[in-house]
Amino acid sequence: YSEKPAFEGGTGVTINVIQEGKPDMAIDAKVGDNLRKVLLENKVELYRGLKKKTMNCNGNGQCTFCAVDFVESQGWSERSEYEDGKIGKWPRARLACLNNIQGPATIRVQ
């Protein structure tokens, strides 16, 4: 049995981004796009600080530096066991590199 996704692939949705020290931003995205790529393409600084800039894993799900806090979301599945193991101390966080957009969301970039 397979549950039908809440939003069809290619559907336009808005990802609202909250960043410390910067104005909030609304990004137009499509269901199925990779969250990390969309954020980087829209100049969201996922890798703040020298360590994060030089030591990130480039989207391979290893470093956890692209973790974002989900303030609100609609249509997104639960996070994976892998994410729980990597970022368990942040219960609402997701690894942007491992998640394709599934619906609208408001996220906080740490």
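In which strand is the place of T14? T14 sits in strand β1, and I shall return to that residue towards the end of this talk. Good morning. The structure before you is a predicted model, and I should like to go through it from the whole chain down to single residues.

Let us begin with the overall fold. The protein contains 3 helices and 5 strands. Read from the N terminus, these elements follow the order β-β-α-α-β-α-β-β. The radius of gyration is 13 Å, close to the 13 Å that the globule rule gives for 110 residues, so the protein is as compact as a globular protein of that length. Along the principal axes, the C-alpha atoms fill a box of roughly 45 × 30 × 20 Å.

How much of the chain is buried? Of the 110 residues, 38% count as buried. The protein exposes about 6,700 Å², and carbon and sulfur atoms supply 48% of that area. As for contacts between residues at least 6 apart in sequence, 56% of them join residues at least 24 apart. Turning to charge, there are 16 positive and 14 negative charges, and the mean positions of the two groups are 8 Å apart.

I now move to individual residues, starting with I107. Strand β5, which covers residues 105-109, is the place of I107. Is I107 buried or exposed? I107 counts as buried because its relative accessibility is 0%, and the cut-off for buried is under 20%. Setting aside neighbours within four places in sequence, I107 is in contact with I15, N16, V17, I18, L39, V68, D69, F70 and V71. One of these partners, V71, is 36 residues away from I107 along the chain, yet their C-alpha atoms are separated by 5.4 Å.

D69 is another of the partners of I107. D69 belongs to strand β3, residues 67-73. With a relative accessibility of 13%, D69 also counts as buried. Which side chain forms a polar contact with that of D69? The partner is R92, and the polar contact between the two side chains is 2.6 Å. Beyond its neighbours within four places in sequence, D69 is in contact with R92, A93, T106, I107, R108 and Q110.

A further buried residue is found in a helix. E83 lies in helix α3, residues 81-87. E83 is classed as buried because its relative accessible area is 2%. Apart from neighbours within four places in sequence, the contacts of E83 are G88, R94, L95 and N99.

Next, a point about the backbone. Most residues other than glycine have a negative phi. Which sign does phi have at N58? N58 is not a glycine, yet its phi is positive, at about 60 degrees. N58 is found in the loop between α2, residues 50-55, and β3. N58 counts as exposed because its relative accessible area is 56%. T64 is likewise found in the loop between α2 and β3. T64 is not a glycine either, and its phi is positive at about 70 degrees.

Let us look next at the start of the chain. A6 is placed in the segment before β1, which spans residues 12-19. At 58% relative accessibility, A6 counts as exposed. How far apart in space are A6 and Q74? Their C-alpha atoms are 8.2 Å apart, although the two residues are 68 residues apart in sequence.

Finally, as promised, I return to T14 in strand β1. T14 is partly exposed, since its relative accessible area is 30%, which falls between the 20% and 50% cut-offs. T14 and I101 are 87 residues apart in sequence, while their C-alpha atoms are 9.9 Å apart in space. Not counting residues up to four places away in sequence, T14 touches A26, I27, D28, P104 and A105.

To close, I would ask you to find three residues in the structure above: I107 in strand β5, D69 in strand β3 and T14 in strand β1. I107 touches D69, and D69 in turn is joined to R92 by a polar contact between side chains. Thank you for your attention.

Technical notes:
Residues are numbered from 1 along each chain as its sequence is written. This is a predicted model: local features need pLDDT of at least 70, side-chain atom pairs count only at pLDDT 80 or more; totals for chains, interfaces and linings use all residues. Side-chain values use heavy atoms; hydrogens and water are left out. Helices (H or I, at least four residues) and strands (E, at least two) are DSSP runs, numbered from the N terminus. Buried means under 20% relative accessible area, exposed over 50%, partly exposed in between (1.4 Å probe, protein chains only). A polar contact is a pair of N or O atoms within 3.5 Å; within protein, one must be able to donate a hydrogen and the other to accept it, and residues adjacent in sequence count only if both atoms are side-chain atoms. Contact means heavy atoms within 4.5 Å. The radius of gyration is taken over C-alpha atoms; the globule rule is 2.2 Å times the number of residues to the power 0.38. Accessible areas come from the Shrake-Rupley method with a 1.4 Å probe; for residues, only the protein chains shown count as cover. Lys and Arg count as positive and Asp and Glu as negative; His and the chain ends are not counted. The place of a charge is taken as NZ of Lys, CZ of Arg, CG of Asp or CD of Glu.
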